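Thank you all for coming; please keep the sequence and the structure in view while I talk, and stop me if a term is unclear.

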Amino acid sequence: MDDALRDRARRAGIAPDWTDVTGQARSVAPETLERLLALTGADEPAAAVPPLVTGVIHQAIPLPPEAGTGVAILVLESGERAEITVHPGDDGRCWGPPIDRPGYHRLQLRDREITLAVAPPRCFGLDEVARGGRMWGLAAQIYGLRRPGDGGIGDSRGIVELARAAGRAGADALALSPTPALFTAEPERFGPYSPSSRLFLNPLLADPAALFGQGRVAAAIRAAGVGEALQRGEAATLIDWPEAARAKLSLFRALSDGFDAGSGGGLAEDFAGFVRAGGALLQDHARFEALQAARLAADPADRDWRRWPPALRDPAGAAVAEFAAAHDREIRFHLFLQWLADRAFAAAQAGARSAGMRIGLIADLAVSMDATGSHAWSRPTDVLGGASIGSPPDAFNADGQNWTLAAISPRAMVETGFAPFLDTLRATLRHAGGIRIDHVMGLARLWLVPDGMAPTEGAYLTYPAEDLLRLVALESHRHRAVVIGEDLGTLPWGFAGRLADHAVAGMRVLWFEREGDGFKPAERWDAGAVAMSSTHDLPPVAGWWRGTDIAARTELGQYADGGAAERAQREADRGRLWQAVGAGPAPEEPGPVVDAALRFVARSPSRLALVPLEDALGLDRQPNLPGTIDEYPNWRRRLERPAGEALAEPAVAARLAAIRRERQR
């Protein structure tokens with residue numbers, strides 16, 4: 001391969017080599033490097049001085065050489081001003097003096113101003129919340145929570161009811177599935193990890209009574225004529241997303257119409273303030289939602305804004321402004337939906353905290369967003385068009401994966417003062433006491449697959465990890481929120497240590513905590529990570545014990561040998577699991593295994609243990625089966641009983657009481 005091409009790739013942050021899951025070194029194809037170099041704008045001149053520089057309190061602040069040396073004015077967030085001196089360093093950079101207060105301060109130089117994001121050395125950590133103790137909580141799929149009046153999709157009221165029941169049982173946290181905005185005009189696109197925008201919320205998960213009260217909601221249901229449709233959704237075992245969405249959106253539209261008619265009272269000022277605070281980002285999202293709906297109404301195949309007429313691809317252009325003026329009521333409706341969702345989730349976090357939870361809700365930050373969505377349309381320079389995020393081949397996917405998600409441009413981050421990252425981080429933390437960063441290794445690198453190429457033909461693109469970790473730490477403290485990083489899989493060398501140094505808690509999942517041929521004793525699990533029995537992509541304990549996941553994959557023809565090897569391996573692992581968690585002869589039924597496994601996980605020294613709701617209830621089906629789309633009911637399962645009542649069942653209550661006792665030892 002051309003050494004000059006490889007050097008260009010390295011300078012642009014594109015790794016020309018990578019190591020596969022077996023430890024074998026691989027080289028990236030020249031075509032991949034050429035295409036990614038073009039996409040990242042590696043040959044274009046960079047901005048001379050970035051608008052934002054990160055640093056750590058009590059440490060000298062590194063500045064680019066273009067900042068220049070000499071006297072400058074430091075303006076702290078408080079408004080205090082001080083004259084400082086910027087010195088040259090031996091490494092070619094300039095250095096400002098240490099700052100003893102975290103925050104976003106301003107450094108006024110001779111001809112420019114730089115924001116200094118000065119962070120604490122570590123995130124607001126689990127230790128600070130636990131104060132020497134050990135906490136526990138539940139992990140729940142919001143849409144699956146059932147309550148009377150939810151219309152067929154679990155919502156923020158279901159969160160409150162579950163949080164109250166969990167709080168009574170002693171839980172300190174409720175980790176939730178992602179809540180970002182999907183595609184209102186395409187309710188069949190309901191995968192929570194492929195959002196239209198991570199800056200806004202999915203209104204289908206909002207309880208309108210949080211704002212309007214049950215009486216006005218009941219009147220709106222009658223006005224919209226959707227009572228029967230909502231009842232059908234509530235009775236269903238699986239969510240029919242298109243049908244349930246149509247009914248709920250009709251209800252929301254009736255509420256919006258009544259609100260527009262002047263019956264909003266004091267809420268009108270709150271709505272106006274929300275819209276003002278949302279600014280251009282909120283307006284652009286509402287415009288996209290209305291515009292996409294109009295395009296799909298005219299042509300159901302017209303779902304990708306990248307194929308719209310050029311004038312409609314420019315959110316700041318005259319054509320979009322004309323559309324907005326002609327469709328003001330529709331755009332106002334989408335502003336209304338975001339206001340409704342924001343206030344509903346604020347009420348949910350308040351409800352969780354009032355239930356006695358020390359952390360409350362833990363929000364899930366999806367790794368990225370769909371390239372056809374609102375964020376990519378309104379901020380096209382934020383993303384790298386022409387490639388998708390995925391993963392290289394591993395033990396679970398021999399052909400690698402293409403997640404069809406757009407990647408944020410590292411260059412755009414730096415040149416905009418990390419605006420795409422900070423806006424997303426703040427939106428996720430807005431109504432939460434914690435955050436789970438999906439695929440946390442994306443802070444350091446992402447596997448990018450050029451369009452039209454196989455996942456095996458991708459390459460790793462480097463991100464400014466130290467800057468991003470400092471910003472996470474700063475925002476974590478400002479929101480008093482703990483940070484969890486989904487670190488399952490292959491991490492870049494040394495990255496686990498960097499996460500630990502920044503108090504980003506990793507995840508330790510029962511199925512992966514192995515030692516030799518068996519399972520690692522819980523007492524030797526990582527104290528700095530979150531202990532879990534399973535995740536949404538893995539079988540719950542009852543399903544693992546029964547082999548429900550293997551049966552599902554066998555039925556779908558995913559095993560060349562009909563699943564024989566998997567069943568044999570599972571049978572051996574069942575004995576190893578019981579040897580680790582139980583005593584006496586292994587039971588056939590999963591109930592005692594679930595009880596023992598959850599007590600086992602609870603014995604870990606982790607400051608926080610999270611139990612998926614499926615395990616707390618002893619269910620055997622996982623929310624999502626990776627590698628499937630429609631073949632398995634991903635993201636559609638609902639609880640059989642209302643969320644608050646389900647935890648009161650004697651077997652479930654005893655299970656949670658046992659977890660609480662273990663955590664209090």
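Let me begin with glycine 125, which sits in the loop between strand S9 (113-119) and helix H3 (126-130), where helices (H or I, at least four residues) and strands (E, at least two) are DSSP runs numbered from the N terminus. Glycine 125 counts as buried, at 9% relative accessibility, and here buried means under 20% relative accessible area, exposed over 50%, and partly exposed in between, with a 1.4 Å probe and protein chains only. The C-alpha atoms of glycine 125 and alanine 505 are separated by 8.1 Å, although the two residues are 380 residues apart along the chain.

I should say at once that this is a predicted model, in which local features need pLDDT of at least 70 and side-chain atom pairs count only at pLDDT 80 or more, while totals for chains, interfaces and linings use all residues. Residues are numbered from 1 along each chain as its sequence is written, and side-chain values use heavy atoms, with hydrogens and water left out.

Now to the sheets. Strands of a sheet pair through backbone hydrogen bonds, either parallel or antiparallel, and in this analysis two strands pair if DSSP finds at least two bridges between them. One open sheet has 8 strands in the order S21-S18-S14-S11-S10-S26-S25-S22, with parallel pairing. Its edges are S21 and S22, each with a single partner strand, so one side of each is left without a neighbour in the sheet. On average, neighbouring strands of this sheet are turned by 25 degrees against each other, direction ignored. Within the sheet, strand S10 (residues 135-140) and strand S26 (residues 608-612) run parallel and are joined by 5 bridges, and glycine 137 has leucine 610 in S26 as its bridge partner.

What packs on this sheet, touching strand S14 (360-365) and strand S18 (434-437)? Helix H13 (residues 419-429) does, and its direction makes about 150 degrees with that of S14; contact means heavy atoms within 4.5 Å, and axes are lines fitted to C-alpha atoms, for helices over the stretch in contact, with angles running from 0 to 180 degrees between N-to-C directions.

The other sheet I want to show is open as well, with 5 strands in the order S15-S17-S16-S19-S20 and antiparallel pairing. Strand S15 (369-370) and strand S20 (459-462) are its edge strands, each pairing on one side only. Strand S19 (residues 445-450) runs antiparallel to S20 and is joined to it by 4 bridges, with leucine 446 standing opposite leucine 461 in S20. Helix H2 (residues 30-40) lies across strand S16 (387-391), S19 and S20, and runs at about 110 degrees to S19.

Let me finish with helix H18 (residues 564-581). Which residues of H18 are buried? They are Arg570, Asp573, Arg574, Leu577, Trp578 and Val581. These residues cover an arc of only 140 degrees around the axis, which puts them on the same side of H18; the arc is that of the directions from the helix axis to the C-beta atoms. An α-helix has 3.6 residues a turn, so residues three or four places apart point the same way. On the other side of H18, Ala568 and Gln579 are exposed. The buried residues of H18 pack against several elements, including helix H16 (541-546), helix H17 (548-555) and helix H19 (591-602).
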